[in-house]
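Q: I should like to learn how to read a model of this kind, beginning with confidence and proceeding to individual residues. Could we work through the case together?

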Amino acid sequence: MIRDDGLWTPNPTTHPLSADRIESETVTRHNEWTIEPDYGPDVDPPAYVLTCVSEDEAGRQCLADSGEVSSVTDYQEFIRLHLWGHPGHRSYRLLAELGMVARPAVEPL
Ligand SMILES: [Zn+2]
């Protein structure tokens, strides 16, 4: 999901992390928890690193990376430029550092 400000964030209904509802047995036995992105004012903005994991004929990964970027546009530009020099490099890995928060369905007593 791309927010209005152009940043990518997990879609709360489809992303495996944010969509998971986990039952906590450590806090209360019957409470459900939702994990979702945290956009609080004290949370660092998202940061992403995109790495090319395309392999050459010997099976060595390229590992060229975008460096830390803060928007989808930035890492799309990295792909565009990388494909220009390496047209066969089509496999990438995205690492995202994104604040997340766990919210209980019912606040523990
Ligand atoms: Zn590459």
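Q: Over which residues does pLDDT stay under 50, and how many contacts beyond four places in sequence does the model have for them?

A: This is a predicted model, and confidence is a suitable point of departure. The stretch in question is residues 13-27, where pLDDT stays under 50 and the model has 20 contacts beyond four places in sequence.

Q: Where in the protein is confidence lowest, and where is it highest?

A: Confidence can be read per element as well as per residue. Helix α1 (residues 16-19) has the lowest mean, 41, whereas β3 has the highest, 96. For the protein, the mean pLDDT is 81, and 72% of the residues reach 70 or more.

Q: What pattern does the protein follow along the sequence?

A: The order of elements is α-β-β-β-α-β-β, made up of 2 helices and 5 strands. As to contacts with a separation of 6 or more, 59% of them join residues 24 or more positions apart.

Q: In which sense do β3 and β4 pair, and over how many bridges?

A: The pairing of β3 with β4 is antiparallel and extends over 6 bridges. Within this pair of strands, V49 stands opposite L95 in β4. A general point applies to such elements: side chains in a regular strand alternate between the two faces of the sheet.

Q: How many of the 6 residues of β4 are buried?

A: Burial is read by counting C-beta neighbours, and a residue needs 20 or more of them within 10 Å to be called buried. In strand β4 (residues 92-97) the count of buried residues is 0, and the strand is hardly covered. For the protein, 7% of the 109 residues count as buried.

Q: Why does L63 count as exposed?

A: The cut-off for exposure is 12 or fewer neighbours. L63 counts as exposed because it has 10 C-beta neighbours inside 10 Å. This residue is found in the loop between β3 (47-52) and α2 (72-85). The backbone of L63 also merits attention: phi is near 65 degrees, a positive value in a residue other than glycine.

Q: Why is D74 partly exposed, and which residues does D74 touch, not counting those up to four places away in sequence?

A: An intermediate neighbour count gives the intermediate class. D74, in helix α2, is partly exposed because 15 other C-beta atoms lie within 10 Å. Beyond four places in sequence, D74 touches S66 and V69. A distance may be added: the C-alpha atoms of D74 and L50 are separated by 9.7 Å, with the two residues 24 apart along the chain.

Notes
Residues are numbered from 1 along each chain as its sequence is written. This is a predicted model: local features need pLDDT of at least 70, side-chain atom pairs count only at pLDDT 80 or more; totals for chains, interfaces and linings use all residues. Helices (H or I, at least four residues) and strands (E, at least two) are DSSP runs, numbered from the N terminus. Two strands pair if DSSP finds at least two bridges between them. Two residues are in contact if their C-beta atoms, placed from the backbone, lie within 7 Å. pLDDT is the predictor's confidence in each residue, from 0 to 100.
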